[in-house]
Structure formats: C-alpha cells, structure tokens
Amino acid sequence: MKILLEHLRTFIDLPERTHDARELLDDAGIEVKTSETTDLGTVFNVELLANRGDHYCYEGIAREASGRTGGALRRPKVRRLDAQPATADRVRIDTPLCLVYTVTELERRADVSSATVGGRDVRPPLPLAPMLAADMHSTLAPVDASNLTNLELGQPTHAFDAGTIDGPIIVRLSRKGERAWLLFTPEPIEIPEGTMVIADESKILGIAGVIGCTDSGITDQTTRILLESACFDPVAVRIASRALNQPTDAAARFMRGGDPTLPLIGAGRVAQLLEEHCGYRVGNAYTAGAWRDPQRTIDVDVARTQHFIGAPMPWSEMTSRLTRYGFAVEPSPTTLRVIVPPHRLWDVHFEADFAEELLKSVGYNATAITLPHVEMGSLPSHAEDVIAQTSEVLVAEGFYEIFTDSFYSRRTRERLGIAVGDPLWEHVETQNSIEKDYSLLRNNTLAQALDALATNLNFKTGNVKMYEWARIFVADRSASNGVCTEHPILWLLANGRDRGPFWGDRGRAADAIYLKGILEQLRLALRIDLWIGASEGHRLARFFHPGRRAGIHLDQKLVGIFGEVHPSVVAGFGIKRQRPVYLELDTNALFTPPAERTYMEPPSRQPIVRNVAYAVPAGITAAEVANTLREAAPQFLREIRIVDLYEMPNDANRARAITYEIEYLPEEAVTGETINAATEAMMAAVTARFGERVSLRA
C-alpha cells in the first residue's frame, strides 16, 4: 500500500525527519519497503500484515504509531448522520453474512450560487493527493470521495444511482443462473450460486464487499445517490472475490475483517467530502443489521505477561500502552480485564495476543534480550541422535536438505494420475484457502519431490540430490482428532549422475541400486535391522517402475519403499528424458532402539552353502519363492539370500533367472546327507506351491 507521509501527519504527530519517521513505522510493525520523493510529497510503500484489516488505511497505520509514541490520534472531519432504523421497504437483509448495512441519501444541488463569487466556484477541491499517491485515478466526485474514505478510515463505500433502484435494497445470496454486469467488465457474467449480493426487486446491484454493477452505477448525469456503507463476513467476501477474479481494494479490506462500528462513520466522511467540496446535499440515513458488539473480554495475568515479554513492566504501564491501541482496560495489580474493540475482533482471541501489543509498543529494538535460566545442559535424545547421524550420512553423499510446504493444489492429484476411488484420492481439505495451491494437506511427498526436481531442471540443474524430514496427513475420521493421522517420514530423491572421483569422470547414474547402498549405510550407522523385500502393499508402489523397485522392511513390517519413479508419473510433472529415483521411509522405523552389540565367536567350521536357481515368471515375486524355501527349511538354516538375477531375453513369460544362496549353520551333527535332504525338501515345497510355473535351471 502506498501512503503519503504528509497526509499521515494529519492523523498523528511523527518525527520531523523522513528517515526517523520511516524507522518508527518499521519498528512499530509497519514495514516501509521503499520511500520516494514525488511532486505530491514523500510516498512510503508499506508492507502490511495479512491478518490485520484495520491496518489497511491511514487511521490504522497512525494507530500503530500512536501505540508506540503515545501521541493523540486525529480523525478527519466526519459529518454527523442521524441514522434511523431501516424499514423493510428501504433495506432488507436476508443473510446473516451481512453484519451491518447503511444507506445514506445524497443529492447534487442544481443551484450552487451560494458557493460562487463572481461566477467562480470558491469551494476547495477534493483533497486527492492521498488517492493519487496510491496510484488511483480521479473519476467522478462520489467515486473519488469513496476512494479517499477507504484510504483514510478503511471503510469501503459504494454509490448507487438512486434512479435505477427498483424497490428496496436487498442483501441476499445469489440464486442459480443469475447474471450481473460487473463494473469494468465487457459483458454480463453468471454469478456463482450462494454468492452474497446487493440487489433490488429486479436485478443485482453489486457483489457484496467486492464490486458494483453497471446497471446501478453512477454517471456524470446522476443527481441522486444512495450511498452504501456496510460490513460483511470476511470469508464470504474472500470467496466471492476469488470466484469472480475481482481483487478490488474493498475486497482486500473486507476479507481481512472489517469494523462493524465503522459503516456510518465512513458514510459520514463521504458525505462531509461531497457536501464541503462538491455541492451535495445530505438527506436521510438508514441502518440495518443484527450485529451487536460481543464485548469480548480477556483476562491478562500481569506476572505471566511480564515473564513472557521478559521485562518488569508495571500493570499501570501495561494499561496505558494497551489503551493506546483502542483496548478498554479494567486494571488491577494482578489481572487486567481487557475488552477487545470491534476493529480487533478478528485477530485478538488469547492472552498472548496482548503480549505482542505490549512488545510492539515498547519496540522490538528496545526490548531487553533475556535467555531462559537453565540449570544444566541436557544430552540429545535418541531421536535427535538419529536425525543427526542420518543427516551426516546423506550430506556426506552429496544430498541437500530442503523444506517443502505441507499443502498442494487439487491439480497435483491429476499430475500423479490419482483418480476417484484411488487410495490416495481422499485428502484433508482446507476451507477457504487464501491460495488455490494450498487447498489440500499432502498425503504423500512424491509430488513435491518431483516439483522440486522440475524446478531444478528449469534452471539447467539436472544432477540433484535432496532429502527432507517431512510429515504427511492421511484422512482418517476414526483418528483422535476426527480428521486425519500424521505420519513422519524421510524422503530422498536423486537424479542424474554422481560426480566421479577424477576430473572428467562423469560418474555413475543414480539408480535404484544407488539408493540401496544409501539404505545400507543407514542400516550400519543406526544399527537397525532394515532388510529389502517385496514392495507390494505399499501405498506408493504403483508410482514406481515395476521392475526397479523394492520395499524396506523392519522385522515383518513394510516401512518404506525405493526405486525408479514410473515414467508416466515423471511425465505428469513436465520432466523429460530423466529417470529420478526416490526413497521414502517411515521415520519411526529409524527411531527404533538399536540392536545390542554382542560379541559372537566366529564358527570353527566353514559355512555350508547350497545354490538353487529358478526360472521365475512375471507375476511371481522373488520374495514369494524365498519365503516358500524358508518355510520348509530345517532349524539349522542360517539365511537365504538372492545372489544373482538375470532377465531372460525372448522369453514369452518374461521369466527371470534367480539364484538363491542357502546357508546352513555348520553344526557337528549336520552331515552332507542331511544337508542334501533338507535342500531337496525345500525344493519340493516350491514345486508343490508353484508347480511348473517355477522351474529349476541347470
């Protein structure tokens, strides 16, 4: 927002030097991005807090400065309006989303001789400097007066041509199929059903809190005006503004929460400007709406607040400082009873909110810096040790830690190829998200990993390694919160070629085997018995290349997956000619207490090993065959390992030649005949289960 420093000085006394005034606003929480000297004066471009609708005007900014300096606030001249309750034939409110609605009659006088001397108009011109400094163009006088009032007091108003109104003004929700011709648009459009609108008996006059319509707009021929000044539900205004793609100044203020006590004051300011500068006569004013000040009261514990802000501020000083911001305070040495004013009802709810106000009033630069008292240092927890060790392994391998949002857009589901009925279709949805890209809480991190890769590729960076300690949110109405369960995970993504050890050495491409090596390093560093097996049953399995993926197991539980991302998924993110590999692991598995290190005396005999090779067709996994061998094994079996895999070319069944190494414990009672008999029994179990589909290879 651009403000004129000279006009701001009419609201509050500020330091004489521009630099000092800028520093004051900066430290009071109104960040001045730029300062520019123009023909109008000094223009500050200020950054305002997104949740503070009261900031978006000169009076709100001046109030923040007053909270710091204690200087008196000055409001511009406002004409007193003796408003009377509106009858149903004038204003009717059919939705609770309209909190307050006022209408003021204004008429342009035909005889302006009382304001002329010798045929020359002696009325002062409208003070347009604040509007011009904000890059607003001057149009018709009522529009200029509305824009000035919005800038000064933060109260949007709108002028209707009274001659176009058919019956009473009605605030209601739009009906299905209704159309309206919005200002500054080329043609009428359909209004989404359920949008809050201002209407009369025959047409829509405007979108409440957003924009007016051409059918009721004023022109240079208009002589009678109905001036609207109201306060609407901020969420309803935000929905309408986004749905219609109308980011107006009025919507920007209303969607952050308006002041329900301000509509009549805003109308009075417009009436003052038009009467004093433009020859308008003020008529009757009417008000409607069921809103009443809730008088929200919050108790502030003095001692607890002093501890929180780290300063011995007396209760009397707390009272004085909070009063500067418009709070009403019933003081006492132990507890302050604070009544929240209407302009802060949208953002002040808790005791801690007042600590923020007190710190702003003192100034963050002037606040004492204190550290909490600690008796002694504490050793890192097991989880902290695991995170540090894991990060050390990954950083040593060239990975960079990144941070992604916990939200994404609905379009992300399409890019992953997730359709209705898919296990990952259901998400926790945010209501009325400010940005469409943040409408869903993520239930996987693969999408954001590929997004990050796509961003790097756009900058011609193809060799990337990244990881993140993240959380996913799985929709679950049976959860304790009734919404979802949270799952902490660690994910890695690698793409391109690793750097070789020598100049000119391009290194090897990152693939599933590379991630297997990373996993082995983690297993050894953390002393966790992770093992690689089947990936069927993992919620992300279908997003990987079916022949280049594997599951990560702990005990008998599937705790992760890794492999090459499926080409169709990669293509959904606009990534071409790349084969990224991805690993996801349940963080709780890493936090498993490490196995005890015990010394085992090496056996005096060499291990007894037998190799068995099978032709395994597509549809049967290597793990299924291994489990069948294991189930039929004797007690002296030590381990079964897959030591070789060969995909047989030109095989109609797409069979793979898989070699299993069976190792037996070298016990004295075990003879060669016993070993051979046990091996044959295990092979017979495979034949009994799979028949001719799995055959022995020579």
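## Working through a predicted model

An open sheet here is built from three antiparallel strands in the order 22-24-23. Keep in mind that the model is predicted. Let's try some exercises.

**Exercise 1.** Work out which strands of this sheet stand at the edges.

*Solution.*
- Step 1: Read the order, 22-24-23. Strand 22 (407-408) and strand 23 (428-429) each have a single partner strand, so one side of each is left without a neighbour in the sheet. Those two are the edges.
- Step 2: Look at one pairing. Strand 23 runs antiparallel to strand 24 (residues 440-441), and two bridges join them.
- Step 3: Find a facing pair. Val428 sits opposite Leu441 of strand 24.
- Step 4: Recall what holds such a pair. Strands of a sheet pair through backbone hydrogen bonds, either parallel or antiparallel.

**Exercise 2.** Count the disulfides, and explain why Cys213 isn't in one.

*Solution.*
- Step 1: Start with the idea. A disulfide is a covalent bond between the sulfur atoms of two cysteines.
- Step 2: Set the cut-off: the two sulfur atoms must be within 2.5 Å.
- Step 3: Check Cys213. The closest cysteine sulfur belongs to Cys98 and is 16 Å away, so that's too far for a bond.
- Step 4: Write down the total, which is zero disulfides.

**Exercise 3.** Are Cys213 and Cys484 buried or exposed?

*Solution.*
- Step 1: Take the cut-off: buried means under 20% relative accessible area.
- Step 2: Cys213 has 1%, so it's buried.
- Step 3: Cys484 has 8%, so it's buried too.

**Exercise 4.** Track down what Arg52 is linked to through salt bridges.

*Solution.*
- Step 1: Find a partner. The Arg52 side chain forms a salt bridge with that of Asp347, at 3.9 Å from N to O.
- Step 2: Place both residues. Arg52 is in the loop between strand 3 (42-47) and helix 3 (58-69), while Asp347 is in the loop between strand 20 (335-339) and helix 11 (351-362). They're 295 residues apart, so this pair links distant parts of the chain.
- Step 3: Check the surroundings: Arg52 and Asp347 are both buried.
- Step 4: Widen the view. Arg52 and Asp347 belong to a salt-bridge network that also takes in Asp54, Glu64, Arg344, Glu357 and Lys360. The whole model has 41 salt bridges.

**Exercise 5.** Describe the salt bridge between Arg549 and Glu536, and say how exposed each residue is.

*Solution.*
- Step 1: Get the distance, which is 3.5 Å from N to O.
- Step 2: Place the residues. Arg549 lies in strand 28 (residues 544-554) and Glu536 in the loop between strand 27 (530-533) and strand 28, so the bridge ties together parts that are 13 residues apart in sequence.
- Step 3: Judge Arg549. With 24% relative accessibility, Arg549 is partly exposed.
- Step 4: Judge Glu536. With 46%, Glu536 is partly exposed as well.

**Exercise 6.** Which element supplies the largest share of the lining of the second largest pocket?

*Solution.*
- Step 1: Get the volume, about 1,000 Å³.
- Step 2: Look at the lining. It has 37 residues, and the closest to the pocket's centre are Val143, Asn147, His158, Leu183 and Phe184.
- Step 3: List contributors. Elements that each supply at least two lining residues include strand 9 (157-161), strand 16 (224-232) and helix 7 (249-254).
- Step 4: Pick the winner: helix 5 gives the largest share, six residues.
- Step 5: Sort the lining by class, and you get 20 nonpolar, 13 polar and four charged residues.

Conventions. Residues are numbered from 1 along each chain as its sequence is written. This is a predicted model: local features need pLDDT of at least 70, side-chain atom pairs count only at pLDDT 80 or more; totals for chains, interfaces and linings use all residues. Side-chain values use heavy atoms; hydrogens and water are left out. Buried means under 20% relative accessible area, exposed over 50%, partly exposed in between (1.4 Å probe, protein chains only). Two strands pair if DSSP finds at least two bridges between them. Helices (H or I, at least four residues) and strands (E, at least two) are DSSP runs, numbered from the N terminus. A salt bridge is a side-chain nitrogen of Lys or Arg within 4 Å of a carboxyl oxygen of Asp or Glu. On a 1 Å grid over the protein atoms alone, a cavity is a set of points where a 1.4 Å probe fits but cannot get out, and a pocket is an open set with protein on both sides within 12 Å along at least five of seven lines; lining residues have an atom within 4 Å of a point. Grid points are joined across faces, edges and corners, and a volume is the space filled by probe spheres set on the points. Ala, Val, Leu, Ile, Met, Phe, Trp, Tyr, Cys and Pro count as nonpolar, Asp, Glu, Lys and Arg as charged, and the others, Gly among them, as polar.
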